[in-house]
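Me: I have a structure open on my screen and would like to talk it through with you. Could you take my questions one at a time?

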Amino acid sequence: MDALELLKQDHARVKKLFDKAESADDREQKRIFSQIKSELEMHAHIEENIFYPAMQRYDELKEMIVESLKEHNNMKTLLQKMASLSDREDFEDKLEELIDNVEHHAEDEEEGKMFPKVRELVSVNELQKLGAQLQAAKGQRKAS
Ligand SMILES: [Fe+2]
Ligand SMILES: [Fe+2]
């Protein structure tokens, strides 16, 4: 699978979890949230350590990557905050904020300028190789 397809699948998986979380009861919501948190942390990890660094050498992508890293940091701060919230209303407010932020970010990557630009600049071969690296990094992180 090529890198862009893999990253898109991640986005789609998280989106499904968001839908589930929104309609879940209190307890179930916390359980789904912990899945969301680990999915997002894993996704940010492979983008930050493999995908973005590989794209860094294309001048046209540099600025977008800087912006993306900022958004990842905001997201991680929000995930940490949410993990320690006990009040349901506070939690649901933050959940809505998280969903907005992440969906906006994923849209920017997929349909905004990033992935279309990557398709233009990077060869099929390189995207395949990167896809394999992303997959391997996921396996490694899960095992550790
Ligand atoms: Fe991202
Ligand atoms: Fe992403």
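Me: Which residues of α4 are buried?
Reply: Happy to help, and please keep in mind that this is a predicted model. A residue counts as buried when its relative accessible area is under 20%. In α4 that group is Phe91, Leu95, Leu98, Ile99, Val102, His105, Ala106 and Glu109.

Me: Which helices do the buried residues of α4 pack against?
Reply: Helix α4 covers residues 88-110. Packing here rests on contacts, that is, heavy atoms within 4.5 Å. By that test, the partners of the buried α4 residues are α1, α2, α3 and α5.

Me: How far apart are the end C-alpha atoms of α4?
Reply: Helix α4 has 23 residues, and at 1.5 Å a residue they should span 33 Å. The model agrees with that expectation, since the distance between the end C-alpha atoms is 32 Å.

Me: What about α3: what is its end-to-end C-alpha distance?
Reply: The 25 residues of α3 should span 36 Å at 1.5 Å a residue. The value in the model agrees with this, and it is 37 Å.

Me: And which helices do the buried residues of α3 pack against?
Reply: The buried residues in α3 are Leu61, Ile65, Ser68, His72, Met75, Leu78, Leu79 and Met82. Their packing partners are α2, α4 and α5.

Me: Which residues coordinate the iron ion (ligand 1)?
Reply: Along the chain, its donors follow the spacing E-x4-Y-x19-H-x32-H-x3-E. Two of them, glutamate 47 in helix α2 (residues 26-55) and histidine 72 in helix α3 (residues 59-83), are 25 residues apart and link distant parts of the chain. Both glutamate 47 and histidine 72 are buried. With distances of 2.0 to 2.4 Å, the full set is Glu47 (OE), Tyr52 (OH), His72 (NE2), His105 (NE2) and Glu109 (OE).

Me: Which residues are the protein donors of the iron ion (ligand 2)?
Reply: The spacing to look for in the sequence is H-x31-H-x3-E-x61-E. Histidine 11 in helix α1 (residues 3-23) and histidine 43 in helix α2 link distant parts of the chain, being 32 residues apart. Both of these histidines are buried. At 2.1 to 2.2 Å from the ion, the donors are His11 (NE2), His43 (NE2), Glu47 (OE) and Glu109 (OE).

Me: What arrangement do the 4 donor atoms make around the iron ion (ligand 2)?
Reply: Four donors count as tetrahedral if all angles lie between 85 and 135 degrees. The angles at this ion run from 84 to 173°, which makes the arrangement irregular.

Me: How far apart are the two iron ions, the iron ion (ligand 1) and the iron ion (ligand 2)?
Reply: A good place to look is glutamate 47, which bridges the two ions. The distance between the iron ion (ligand 1) and the iron ion (ligand 2) is 3.2 Å.

Me: Is serine 68 buried or exposed?
Reply: Serine 68 is in helix α3. Leaving out residues up to four places away in sequence, it touches Tyr52, His105, Glu109 and Met114. Its relative accessible area is 6%, so serine 68 is buried.

Me: Which residues is methionine 114 in contact with, beyond its neighbours within four places in sequence?
Reply: Methionine 114 is found in helix α5 (residues 114-121). It counts as buried because its relative accessibility is 4%. Its contacts are Phe51, Tyr52, Leu61, Met64, Ile65, Ser68, Asp108 and Glu109.

Me: How far apart in space are leucine 6 and glutamine 135?
Reply: Leucine 6 lies in helix α1, and at 3% relative accessibility it counts as buried. It touches Met1, Ile46, Gly131, Leu134, Gln135 and Lys138, residues up to four places away not being counted. Although leucine 6 and glutamine 135 are 129 residues apart in sequence, their C-alpha to C-alpha distance is 8.0 Å.

Me: Stepping back, what is the radius of gyration of the protein?
Reply: The protein has 6 helices and 0 strands, and its C-alpha trace spans about 50 × 30 × 20 Å along the principal axes. Buried residues make up 39% of the 144 residues. A compact globule with 144 residues would have a radius of gyration near 15 Å, and the protein agrees with that at 16 Å.

Note on methods. Residues numbered from 1 in each chain as written. Chains lettered and ligands numbered in written order. Predicted model: local features only at pLDDT ≥ 70, side-chain atom pairs only at ≥ 80, totals over all residues. Heavy atoms only, no water. Donors = N, O, S within 2.8 Å, 3.2 Å for Na, K, Ca; no water. Helix = DSSP H or I, 4+ residues; strand = E, 2+ residues; numbered from the N terminus. Buried < 20%, exposed > 50% of the residue type's maximum accessible area, 1.4 Å probe, protein only. Tetrahedral: all angles 85-135°; square planar, octahedral: opposite > 155°, others 65-115°. Expected span 1.5 Å × (residues − 1). Rg over C-alpha atoms; globule rule 2.2 N^0.38 Å.
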